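Dear colleague,

I am handing over the structure below, and after it you will find an account of what turned up when it was examined. Please read the notes with the coordinates open beside them.

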Amino acid sequence: MSVRYVVITGVSRGLGEALLNQFETDEETTVLALGRGFTDAQRIAAGPRLILRHCELAEPSTLPHASELNELIADADEVVLIHNAAVVAPIGPIGDLEPDELANAVAVNLTAPMLLTNSLLAALPATARAVIMFVSSGAAHRIIDGWSAYSATKRGGEEFFAHLAEQYADEPRIRVEIVNPGVMDTGMQETIRSARFAGQQRFLDLFENNELPDPAAIAARLIEDHLHA
């Protein structure tokens, strides 16, 4: 039996919760859920195959280091690391952004994925395969009024993982996936709808017209398209 570990950030809602749910029924998979909070259902289901690890992604000292990860995945045949957690705030003109919110966005969206990836690769058993997925956004490639922090951190993340993909271009044991799941019905969309920026009406219309996909459908598609190869 193949042994697989899946590490997911930000599982308490939205896409992260949906991704975790997709893996729950796989008896060959152990999920390490990283985040600042968990749902009641996740706490009830926690056990040997669902490990809830509290950490503040904005605080590097709370993230799991290589030694902790190595102890967990020592018998792994495959490890999947999904960088899902992200914050869209602060939204607004540069010069008016709250410094703490700006620093938080950089830490959660960019610094934490870099550190976790570095630790995971240091911990990875020599014979194990790994898939590292970075959930990005179309905002990484276009200018959206007020979205400088989110766009810049997602673009920076894409650059980091593009470098990682090049590093392992000749080693198929390590695979990097940079994905853009598109808009969906999540808490991030609620934040966007409550902000004020040019172009906001598009997001309001998507919600009012019931055109935001269910995160469960997006999660299933991401797994089918990027994790089954």
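**Backbone, helix packing and rings**

The loop between helix 7 (200-208) and helix 8 (215-226) contains N210, and this residue, although not a glycine, has a positive phi of about 55°. Please keep in mind throughout that the model is a predicted one. A second backbone feature is the cis peptide bond that joins A89 and P90, where omega is about 5°; P90 has its place in the loop between strand 4 (78-83) and helix 4.

Helix 4 takes part in two of the helix contacts that I would like to describe, and I begin with its contact with helix 5. The axes of helix 4 (residues 99-123) and helix 5 (residues 148-167) come within 8 Å and cross at roughly 15°; angles under 35 degrees count as roughly parallel, and helix 4 and helix 5 are therefore roughly parallel to each other. The crossing in which helix 4 passes helix 5 is right-handed. On the side of helix 4, the residues in contact are L102, A105, V106, N109, L110, P113, M114, T117 and L121, and they meet A149, Y150, T153, G156, G157, F160, F161 and L164 of helix 5. Sorted by class, this contact of helix 4 with helix 5 comprises twelve nonpolar and five polar residues, with no charged residues.

The other contact of helix 4 is with helix 3 (residues 66-73), and here the two helices pack at an angle of about 50° with their axes 8 Å apart, which makes helix 3 oblique to helix 4. The crossing of helix 3 and helix 4 is right-handed. From helix 3, the residues A66, L69, N70 and I73 meet S119, L120, A122 and A123 in helix 4, and the residues of this contact divide into six nonpolar and two polar, with no charged ones.

Further along the chain, the axes of helix 6 (residues 187-194) and helix 7 come within 9 Å and cross at roughly 130°, an angle that makes helix 6 oblique to helix 7. Helix 6 passes helix 7 in a left-handed crossing. Q189, I192, R193 and S194 of helix 6 make this contact together with Q200, F203, L204 and F207 of helix 7, and by class the contact of helix 6 with helix 7 has four nonpolar, three polar and one charged residues.

Some of these residues return when one turns to the rings. R193 lies over the face of F207, at 3.8 Å from the ring centre, and R193 and F207 are also among the residues that make the contact between helix 6 and helix 7. In a second arrangement of this kind, the charged end of R202 sits over the ring of F203, 5.0 Å from its centre.

How many aromatic pairs does a search of the whole structure find? The search finds six, and ring pairs link W147, Y150, F197 and F203 into a cluster. Within that cluster, Y150 is also one of the helix 5 residues that meet helix 4, while F203 is one of the helix 7 residues in contact with helix 6.

With kind regards

How values were computed
Residues numbered from 1 in each chain as written. Predicted model: local features only at pLDDT ≥ 70, side-chain atom pairs only at ≥ 80, totals over all residues. Heavy atoms only, no water. Phe/Tyr/Trp six-rings, centres within 6.5 Å; stacked < 30°, edge-to-face > 60°. Lys NZ or Arg CZ within 6 Å of the ring centre and 35° of its normal. Axes fitted to C-alpha atoms, helices over the stretch in contact; angles between N-to-C directions. Helix = DSSP H or I, 4+ residues; strand = E, 2+ residues; numbered from the N terminus. Parallel < 35°, antiparallel > 145°, perpendicular 65-115°, else oblique. Left-handed = near helix turned anticlockwise from the far one by under 90°. Contact = heavy atoms within 4.5 Å. Nonpolar A, V, L, I, M, F, W, Y, C, P; charged D, E, K, R; others polar.
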